[in-house]
Amino acid sequence: MPIKHKTRSLFIIILSLIIIILAAFQWTKWREGTDQDDHLAVKQQIEIVHDSGKLKIKQTLQNLKNHTYLLKLPEAGVNFTFPHMEFWNETNKSIAVRDNTLTVEYEINTNPDNQAFLLENWMVQISGVEIVNTIVKISELTNMAGSWAAGAPMTYHEVLDQLQYYVFERKGVDIPLYWQKAPLFYTYIGEKIPLYTDRKTDQNLLTSSIDLGLKHDKEFPAVILTEQINPLQSVSLIIENPEIDQNVLSSIWVEQFLLSNSWAGKDEEKWVMNILAGIITEQPSTDEVKAKIYDELKNKLSNNEISIFISSILQSDQKITSLAEIDQLLGRLKGLKTSFFQDIAIEQTVSPLYFFTDEPIYVRNHKLENYRVYWMDDVYYFPIRPIIENLNYQFEQISEDEIFITNGKTTFRFYDNKDFFLINEEQYGLLTMREKLPYLKINNEFYIQKEFFRKVFRIEINHQNNQFFIR
């Protein structure tokens with residue numbers, strides 16, 4: 001009986017622990033889900049009154065968690081006030097939120113003599129909170145002949161006797177605002193791209209940009225064509241002169257579209273979006289390095305491969321976070337790998353586009369570590385040095401362009417920049433192999449073509465079960 005009693009007690013204790021652990025796990029997951037839902041649901045509405053050279057702004061964020069937040073106030077703003085000033089800490093610019101809502105009122109002064117002005121970074125920003133939707137409502141009281149535009153679709157516009165009323169809305173928070181005294185006409189290009197212009201515009205504008213099968217849930221940068229202000233390029237708004245070449249405008253627009261919808265990586269790597277925009281619009285960059293990258297991709301990939309590569313980026317629901325991810329998409333075209341974009345970032349020069357596999361290489365049952373087998377023009381290229389040395393040859397690199405190999409009986413000399421090689425100092429031409437290079441030099445290492453390797457060194461190379469066997 002005592003043993004049974006102990007067993008029963010032990011079972012009850014274990015069962016209780018399991019229940020407690022499961023309950024704690026479910027509570028944690030519920031809290032995480034709740035926090036995430038609250039975080040994703042934050043929206044803001046901004047009301048602006050423009051009157052006599054002054055913007056009076058009321059910004060309201062809803063569905064915040066009751067918490068203390070750090071605020072970043074716009075540099076152009078003045079006279080900041082909160083409904084509950086007792087919750088505002090002027091020293092560290094923090095505010096305690098109650099009732100899940102934050103409201104702040106402030107002003108931005110404008111010069112009434114200006115023909116136009118642009119507002120960027122004009123909102124109050126709240127640290128650690130992602131805003132999923134922004135609505136901006138503008139009441140224009142002063143210049144009834146003027147026009148407002150924004151880096152967002154205009155969802156409503158009404159002209160009354162003493163008032164012009166505008167409503168702009170988009171996902172996220174980045175909405176630059178633009179105003180000019182002259183009228184602006186508003187329309188859509190392809191029912192997707194907001195366009196503001198001060199003259200009649202060709203409706204075929206940006207046709208190449210929107211003819212990409214783009215999903216409607218993407219964010220489409222707005223375009224303003226005007227002579228009243230200097231050009232601007234941002235992920236939500238592009239301002240250009242009406243006389244701009246349409247092909248150039250298309251390339252600019254696509255780059256900003258990609259930055260908005262497809263890129264979440266480092267700023268120092270976002271240059272890759274310029275390359276992709278050029279490929280999409282077939283407009284190579286005027287920058288010499290970027291133009292070389294463009295040419296390398298166009299020369300090494302078929303039109304069908306380029307189409308698949310671009311579609312994999314445009315149609316993805318996830319943003320790209322690194323050059324490594326783009327290389328991964330590029331490598332999938334061949335069922336292989338590449339480090340093309342990563343190498344450019346590291347070496348600061350444009351190397352040829354190579355594809356490779358890092359499948360294991362065995363030479364007489366010895367596994368070579370950390371070596372690649374490259375693939376070019378449907379041919380494999382193997383690293384010469386480690387293979388030769390494991391086949392009991394001696395290897396010596398005479399110079400950057402010459403290597404010497406011997407097994408004591410036979411000698412070989414290969415050159416990177418000549419159309420012949422030497423066996424026992426006797427010259428043999430490579431003219432018959434020009435279409436398929438017999439060897440490559442990558443990062444100062446020589447790689448030899450599979451068939452050439454077999455013929456010259458009389459060895460066998462087999463590819464089985466994702467492994468290479470050389471004997």
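These questions and answers walk through a predicted model of one protein chain.

Visitor: How many helices and strands does the chain have?
Guide: The chain is 471 residues long, and 44% of these residues count as buried. Among the contacts with a separation of 6 or more, 57% are between residues 24 or more positions apart. As for the elements themselves, the chain has 10 helices and 33 strands.

Visitor: Which strand runs parallel to β17?
Guide: Strand β17 covers residues 222-225, and four bridges join this strand to its parallel partner. One of the residue pairs is made by Ile224, whose bridge partner is Ile239. Ile239 belongs to the strand of residues 237-240, and the parallel partner of β17 is therefore β19.

Visitor: How many residues lie between β18 and β19 in their hairpin?
Guide: Strand β18, residues 232-233, pairs with β19 in the antiparallel sense over two bridges. Within this pairing, Gln233 has Ile238 of β19 as its bridge partner. The number of residues between the two strands of the hairpin is three.

Visitor: Are the residues of β19 buried or exposed?
Guide: In strand β19, Leu237 and Ile239 point one way, while Ile238 and Glu240 point the other way. Whichever way they point, all of these residues are buried.

Visitor: Why does Gln256 count as buried?
Guide: Gln256 has its place in helix α3, and, leaving aside residues up to four places away in sequence, Gln256 touches Pro221, Gln233, Ser234, Val235 and Ile238. A residue is called buried when its relative accessible area is under 20%. Gln256 counts as buried because its relative accessibility is 6%.

Visitor: Which element gives the largest share of the lining of the largest pocket?
Guide: The largest pocket holds about 890 Å³ of space, and the elements that give two or more residues to its lining are β9, β13 and α3. Its lining is made of 27 residues, with Arg170, Gly172, Glu219, Ser260 and Lys319 lying nearest the centre. The largest share from one element is three residues, and they come from α3.

Visitor: How many residues of the lining of the largest pocket are charged?
Guide: The lining divides into three groups, of which the nonpolar group has 10 residues and the polar group has six. The remaining group, that of the charged residues, numbers 11.

Visitor: How many residues of helix α4 are buried?
Guide: Helix α4 spans residues 271-281 and is mostly covered, with Trp271, Met273 and Ile280 among its buried residues. What covers these buried residues includes α3, α5, α6, α7 and α8. After the helix comes Glu282, with a positive phi near 55°, but within α4 itself the buried residues number 11 of 11.

Visitor: Why does Asn121 count as exposed?
Guide: Asn121 is found in the loop between β8 and β9, and its phi is positive, near 50°, in a residue other than glycine. Most residues other than glycine have a negative phi. A residue is exposed when its relative accessible area is over 50%, and Asn121 counts as exposed because its value is 63%.

Visitor: What is the relative accessibility of Asn392?
Guide: Asn392 is found in the loop between α9 and β25. Its phi is near 70°, a positive value in a residue other than glycine. Asn392 counts as exposed, with a relative accessibility of 60%.

Note on methods:
Residues numbered from 1 in each chain as written. Predicted model: local features only at pLDDT ≥ 70, side-chain atom pairs only at ≥ 80, totals over all residues. Heavy atoms only, no water. Buried < 20%, exposed > 50% of the residue type's maximum accessible area, 1.4 Å probe, protein only. Contact = heavy atoms within 4.5 Å. Pairing = 2+ DSSP bridges. 1 Å grid on protein atoms, 1.4 Å probe; cavity = no way out; pocket = protein on both sides within 12 Å on 5 of 7 lines; lining within 4 Å. Points joined across faces, edges and corners; volume = space filled by probe spheres on them. Nonpolar A, V, L, I, M, F, W, Y, C, P; charged D, E, K, R; others polar.
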